[in-house]
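Me: I'm new to this one and I'd like to understand the labels people put on it. Can you show me the structure and then let me ask about the reasoning?

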Amino acid sequence: MIPLVLILGAVGFRALGALGVRRFATWPAAAAHAMAVMLVLTASAHFVPASVTVMPNHADMVRMVPPFLPYADALVYGTGVLELLGAAGLVITATRKPAGYALAALFVGLLPANIHAAVAHVPFAGGEATPLWQRIPEQILYLAVALWVARAATTKAPVREEARV
């Protein structure tokens, strides 16, 4: 479901760009905003109480943390905050490049938790565990989009044309 948010979001934002919304005039800009939406959704699960069962919650995320990592509870809150900061960084044009690279590093760092969750059959939102054959390609997709967005981002402020009198 979450990869669909990214893919359909990018297509939707790019369609707005084709209709004249300059913020979404390029595929990388549309993808950056779609990834920001996706990250807000995924980050929310880091803070949802365990009593909520209609979506992934904090307890689900804590169970994903490999046992060799200490302070699983704090790690889940911390990665949720990092995802929210990354989402904000992608939306702000001036910070898109560093945000994309930081998110790529975060996605690599989260890979052990995703592997552990699949191998240990950690259930998500009361349902079945997501299989490894699905988790790895999803992580690769997120990593690739983050790097693409970062590489396409400009570090210079756009030059505005002077108004003619």
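Reply: Below we go through some labels and what backs them up; keep in mind that this is a predicted model.

Me: Let's start inside. What makes a group of residues here a nonpolar core, and which residues have the most contacts inside the largest one?

Reply: A nonpolar core is a set of buried residues such as Ala, Val, Leu, Met and Phe, joined through side-chain atoms within 4.5 Å. The largest such set has 25 residues, and those with the most contacts inside it are Leu6, Met35, Met38, Leu39, Leu90, Leu103 and Phe107. Helices α1 (2-18), α2 (27-44), α4 (72-91), α5 (96-119) and α6 (132-152) each supply at least two of its residues. The top contributor is α2, with eight.

Me: Which residues does Met35 touch, leaving out those up to four places away in sequence?

Reply: Met35 touches Leu6, Leu90, Phe107, Tyr142, Val145 and Ala146. There's also a second, separate core of eight residues, with Met64, Val65, Val76 and Ala117 among them.

Me: Why is Ala118 called buried?

Reply: Its relative accessibility is 7%, and buried means under 20%, so Ala118 counts as buried. Ala118 sits in helix α5. Setting aside neighbours within four places in sequence, Ala118 has contacts with Thr130, Pro131, Leu132 and Arg135.

Me: What about Gln139, why does that one get its label, buried or exposed?

Reply: Gln139 has a relative accessible area of 10%. The cut-off for buried is under 20%, so Gln139 is buried. You'll find Gln139 in helix α6, touching Phe107, Leu110, Leu111 and Asn114 once residues up to four places away are set aside.

Me: How do you know what length to expect for α5?

Reply: You take 1.5 Å times one less than its number of residues. With 24 residues, α5 has an expected span of 34 Å, and from its first C-alpha to its last it reaches 34 Å, so the two are close.

Me: Where does α5 bend, and which proline follows?

Reply: The bend is at Leu110, by about 35°, and Pro112 follows within four residues. Leu110 is also one of the buried residues of α5, which include Gly100, Leu103 and Ala113 too. What covers the buried residues of this helix includes α2, α3 (58-64), α4 and α6.

Me: What makes the phi of Tyr71 worth a second look?

Reply: Most residues other than glycine have a negative phi. Tyr71 isn't a glycine, yet its phi is positive, at about 55°. Tyr71 belongs to the loop between α3 and α4. At 67% relative accessibility, against a cut-off of over 50%, Tyr71 counts as exposed.

Me: Which residue with a positive phi follows α5, and why is it called buried or exposed?

Reply: That's His121, with a phi near 55°. His121 lies in the loop between α5 and α6. Its relative accessibility is 60%; exposed means over 50%, so His121 counts as exposed.

Me: Where does UniProt place the "transmembrane region" feature?

Reply: The unreviewed UniProt entry places it at residues 27-48, 68-93 and 99-119. In the model, residues 27-48 are 82% helix and 0% strand, with end C-alpha atoms 32 Å apart. Residues 68-93 are 77% helix and 0% strand, and their end C-alpha atoms lie 38 Å apart. The feature itself comes from the record, where annotations may be inferred rather than shown by experiment.

Conventions: Residues are numbered from 1 along each chain as its sequence is written. This is a predicted model: local features need pLDDT of at least 70, side-chain atom pairs count only at pLDDT 80 or more; totals for chains, interfaces and linings use all residues. Side-chain values use heavy atoms; hydrogens and water are left out. Buried means under 20% relative accessible area, exposed over 50%, partly exposed in between (1.4 Å probe, protein chains only). Contact means heavy atoms within 4.5 Å. The bend at a residue is the angle between axes fitted to the seven residues ending there and the seven starting there.
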